[in-house]
Amino acid sequence: GGDYCYAHLDGYAAGLVDGQRVARGQVIGYNGDTGNAAPGAYHLHFGMRPGGITNVNPYPTVRAVCP
C-alpha cells in the first residue's frame, strides 16, 4: 500500500521481483555513489510514501521493526 524510494542505490540483489515480500535481514540492494555523491561516498537515502501520496520520515517505522 505504499511506495519506497532508494536513492544512490548501486544495484538490487539478484532474484528480486516487483511486489515481492522481503524478510528482515534479507539483502535487497547495494549502496552506491551515483548522482552528485563524491566518488567513494557510498550511502543510501531511503524514503517512504504510505498510500503513495506524501513522503514521511521512515525512521519511526524502521526503528519499530528493526530494534
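How many positive and negative side chains does the protein have, and how far apart do the centres of the two sets lie? There are 4 positive and 4 negative side chains, and the centres of the two sets are 17 Å apart. The structure in which these charges are placed is a predicted model, and the confidence values are therefore a suitable place to begin, since pLDDT expresses the predictor's confidence in each residue on a scale from 0 to 100. The mean pLDDT of the protein is 86, with 100% of its residues at 70 or more. Among the elements, helix 1 has the highest mean value, 89, and strand 1, comprising residues 2–7, has the lowest, 83.

The secondary structure consists of four strands and one helix. In sequence order these elements give the pattern β-β-β-β-α, and the helix, helix 1, covers residues 59–65. The C-alpha trace spans about 35 × 25 × 25 Å along its principal axes.

The contacts and the surface may be considered next. Of the contacts in the protein with a separation of 6 or more, 47% are accounted for by residues 24 or more positions apart. The protein has 67 residues, and 10% of them count as buried, that is, they have under 20% relative accessible area. The accessible surface comes to about 5,300 Å². Carbon and sulfur atoms hold 55% of that surface.

Among the charged side chains, which two form a salt bridge? The pair is D3 and R49, whose closest N and O atoms are 3.0 Å apart. D3 belongs to strand 1 and R49 to strand 4 (residues 45–50), so the salt bridge ties together parts that are 46 residues apart in sequence. A search of the whole structure finds one salt bridge. As for the surroundings of the two partners, D3 has a relative accessibility of 36% and counts as partly exposed. R49, at 31% relative accessibility, is likewise partly exposed.

A further pair of residues concerns the segment that follows the helix. C66 is found in the segment after helix 1. Is C66 buried, partly exposed or exposed? Its relative accessible area is 40%, so C66 is partly exposed, because this class lies between the limits of under 20% for buried and over 50% for exposed. C66 and R24 are 42 residues apart along the chain, and their C-alpha atoms are separated by 7.9 Å.

Note on methods. Residues numbered from 1 in each chain as written. Predicted model: local features only at pLDDT ≥ 70, side-chain atom pairs only at ≥ 80, totals over all residues. Heavy atoms only, no water. Helix = DSSP H or I, 4+ residues; strand = E, 2+ residues; numbered from the N terminus. Buried < 20%, exposed > 50% of the residue type's maximum accessible area, 1.4 Å probe, protein only. Contact = heavy atoms within 4.5 Å. Areas by Shrake-Rupley, 256 points an atom, 1.4 Å probe, with all protein chains shown as cover. Lys, Arg positive; Asp, Glu negative; His and termini not counted. Charge placed at Lys NZ, Arg CZ, Asp CG, Glu CD. Salt bridge = Lys/Arg side-chain N within 4 Å of Asp/Glu carboxyl O.
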